[in-house]
Amino acid sequence: MRQIKHIVIHCTATAQHATVQAIQNYWKNNLKWKSPGYHKIIQPDGRVVTLAEDEAVCNGVAGHNAASLHVSYIGGIDAKGNAKDNRTPQQKAAMEQVVREWLGKHPGARVLGHRDFPGVAKACPSFDVKTWWESVSCMPV
């Protein structure tokens with residue numbers, strides 16, 4: 001069993017109408033990845049799609065993947081391509097549920113955004129994960 005130190009929140013940096021298949025095709029064909037970027041991806045309607053089992057290592061944050069679980073929402077940019085937190089209420093609820101489930105299995109893990117890792121020069125996930133998690137983690141499960 002992997003020792004999970006980080007639960008990492010991402011955005012796809014795509015329009016919200018992007019499909020899971022298109023995102024997977026980009027990883028495979030453009031980036032030449034053999035593994036997905038995230039374990040789970042959250043569609044605008046809140047449906048959570050599992051792309052890899054928790055035991056698999058995904059390509060979420062270079063140098064930190066062996067000890068991380070990754071979840072992303074589809075979106076994260078506006079019409080001009082600028083970073084924007086455009087999570088739907090359904091995506092926010094699903095994200096909280098995924099994080100709570102993973103923390104139940106890995107209680108010592110830290111909840112971080114992709115941009116919170118040293119050396120990462122991205123806006124991903126287009127919102128402050130620490131502030132978000134503090135606002136929802138005190139709420140009852």
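## Asp54 and its surroundings

Asp54 is located in the loop that connects strand 3 with strand 4. In this predicted model, Asp54 has a relative accessible area of 18%. Because the limit for a buried residue is under 20%, Asp54 counts as buried.

Leaving aside residues up to four places away in sequence, Asp54 touches Arg2, His39, Lys40, Leu69, Trp102 and Lys105. One of these partners, Trp102, belongs to helix 2.

## Trp102 in helix 2

Trp102 is buried, and its relative accessible area is 0%. Its contacts, again without residues up to four places away in sequence, are Ile7, His39, Lys40, Asp54, Leu69, His70 and Val71. His39, Lys40 and Leu69 therefore appear among the contacts of Asp54 and also among those of Trp102.

A distance to another part of the chain may be added. Trp102 and Val20 are 82 residues apart along the chain, and 22 Å separates their C-alpha atoms.

## Helix 2 and its packing

Helix 2 comprises 17 residues, from 89 to 105. At 1.5 Å a residue, a span of 24 Å is expected for this helix, and the 25 Å between its end C-alpha atoms agrees with that value.

The buried residues of helix 2 are Gln91, Ala94, Met95, Glu96, Val98, Val99, Arg100, Trp102 and Leu103. Charged residues, Glu96 and Arg100, are thus included in this buried set. The strands against which the buried residues of helix 2 pack are strand 1 (6-11), strand 2 (40-42), strand 3 (48-50), strand 4 (68-73) and strand 5 (110-113). Helix 3 (129-137) is a further packing partner of these residues.

## Backbone features in the loops

The loop between strand 5 and helix 3 contains Pro125 and Ser126. Cys124 and Pro125 are joined by a cis peptide bond, with omega at about 15°. Ser126 is not a glycine, yet has a positive phi of about 75°. With a relative accessible area of 13%, Ser126 is buried.

A positive phi is also found at Ala13, where the angle is about 55° although the residue is not a glycine. Ala13 is placed in the loop between strand 1 and helix 1 (20-30). Is Ala13 buried, partly exposed or exposed? Its relative accessibility is 45%, and Ala13 accordingly counts as partly exposed.

## The chain as a whole

The chain contains 3 helices and 5 strands. Their order along the sequence is β-α-β-β-β-α-β-α. Among contacts with a separation of 6 or more, 68% are between residues 24 or more positions apart.

For 141 residues, a compact globule would have a radius of gyration near 14 Å, and the chain, at 14 Å, agrees with this. The C-alpha trace spans about 35 × 30 × 30 Å along its principal axes.

## Burial, surface and charge

Of the 141 residues, 46% count as buried. The chain exposes about 7600 Å², and 53% of this area is supplied by carbon and sulfur atoms.

The chain carries 17 positive and 11 negative charges. The mean positions of these two groups of charges lie 6 Å apart.

Definitions and conventions:
Residues numbered from 1 in each chain as written. Predicted model: local features only at pLDDT ≥ 70, side-chain atom pairs only at ≥ 80, totals over all residues. Heavy atoms only, no water. Helix = DSSP H or I, 4+ residues; strand = E, 2+ residues; numbered from the N terminus. Rg over C-alpha atoms; globule rule 2.2 N^0.38 Å. Buried < 20%, exposed > 50% of the residue type's maximum accessible area, 1.4 Å probe, protein only. Contact = heavy atoms within 4.5 Å. Areas by Shrake-Rupley, 256 points an atom, 1.4 Å probe, with all protein chains shown as cover. Charge placed at Lys NZ, Arg CZ, Asp CG, Glu CD. Expected span 1.5 Å × (residues − 1).
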